[in-house]
Amino acid sequence: MSNDKKLFGVAATFKTPDEIINAAKKVTKSGYTQFDINTPYPVHGMDSAMKIKPSKLGFVTLIMGLSGAVIALLLMYWTMSVDYPLVIGGKPFFALPAFIPVTFELTVLLATVSTVVAMIALFFRLPDNKHPLHDTDYMKSVSADKYGVVIESNDAKFDEKAVTEFLQSLNPIKIELIYYPPEENYPIFQ
């Protein structure tokens with residue numbers, strides 16, 4: 001490759017799930033923090049091998065679900081008890097059992113919508129159509145029937161030669177250098 005391209009990382013491809021689990025453990029043990037494992041399907045035990053912390057997405061769901069319940073109850077209380085009080089069938093102004101279905105629905109609605117939006121926009125940072133792994137031979141193979149690890153160049157311990165030698169010691173099928181795609185300029189929009 002030419003020297004004008006910026007290196008994204010070094011990728012290694014493996015044949016079996018056991019090999020990728022062992023590779024993930026060794027990469028973590030070696031102190032690399034900016035790496036990712038790619039597999040064609042979820043591999044049991046990968047989270048613990050990579051020492052991944054639990055997701056904070058559940059907190060978004062909890063907070064927004066509780067917000068939905070509070071908003072629903074406050075809206076119905078204000079509407080039925082303060083703004084336009086009605087006595088219906090001799091019931092009190094704020095008959096909680098009658099308001100439970102609406103409260104439940106707004107709780108579920110806000111929790112699910114906020115979870116999806118947070119997952120896509122905040123946690124996954126999508127849409128990201130210019131990711132360096134897109135359209136590479138590495139990604140094509142790990143999307144079908146192989147397993148792979150990519151150690152990124154923004155890792156504090158990254159040294160191209162040392163990382164390549166380290167990955168070679170894991171006995172992969174193939175090692176590739178992944179580069180950032182070239183910048184595309186469209187003069188019509190300037």
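**Figure 1. The open sheet of the predicted model contains four strands.** In this predicted model, the strands are arranged in the order E2-E3-E1-E4, and their pairing is antiparallel. In general, the strands of a sheet pair through backbone hydrogen bonds, either parallel or antiparallel. Strand E2 (35-38) and strand E4 (174-179) occupy the edges; each has a single partner strand, so one side of each is left without a neighbour in the sheet. On average, neighbouring strands of this sheet are turned by 20° against each other, direction ignored.

**Figure 2. Strand E1 pairs with the edge strand E4.** Strand E1 comprises residues 7-14 and is joined to E4 by six bridges. The two strands run antiparallel. Within this pair, Val10 of the model stands opposite Leu177 in E4.

**Figure 3. Helices H1 and H6 lie across strands of the sheet.** Helix H1 (residues 17-29) lies across E1, E2 and strand E3 (147-152). The angle at which H1 runs to E3 is about 20°. Helix H6 (residues 160-168) lies across E1, E3 and E4, and H6 runs at about 10° to E1.

**Figure 4. Helix H4 bends and packs against helix H3.** Helix H4 spans residues 96-123 and bends by about 30° at Val102. Its buried residues are Phe99, Thr103, Ala111, Ser114, Thr115 and Ala118. These buried residues of H4 pack against helix H3 (57-83). An α-helix has 3.6 residues a turn, so residues three or four places apart point the same way. After H4 comes Arg125, whose phi is positive, near 55°.

**Figure 5. The close-up views belong to a protein of six helices and four strands.** From the N terminus on, the elements run β-α-β-α-α-α-α-β-α-β. The radius of gyration is 26 Å, well over the 16 Å that the globule rule gives for 190 residues, so the protein is more spread out than a compact globule. Its C-alpha atoms fill a box of roughly 80 × 50 × 30 Å, taken along the principal axes.

**Figure 6. Burial, contacts and exposed surface describe the protein as a whole.** Of its 190 residues, 31% count as buried. Among contacts with a separation of 6 or more, 77% are accounted for by residues 24 or more positions apart. The protein exposes about 13100 Å², of which carbon and sulfur atoms supply 62%.

How values were computed
Residues numbered from 1 in each chain as written. Predicted model: local features only at pLDDT ≥ 70, side-chain atom pairs only at ≥ 80, totals over all residues. Heavy atoms only, no water. Pairing = 2+ DSSP bridges. Axes fitted to C-alpha atoms, helices over the stretch in contact; angles between N-to-C directions. Contact = heavy atoms within 4.5 Å. Rg over C-alpha atoms; globule rule 2.2 N^0.38 Å. Buried < 20%, exposed > 50% of the residue type's maximum accessible area, 1.4 Å probe, protein only. Areas by Shrake-Rupley, 256 points an atom, 1.4 Å probe, with all protein chains shown as cover. Bend = angle between axes of the 7 residues up to and from the residue.
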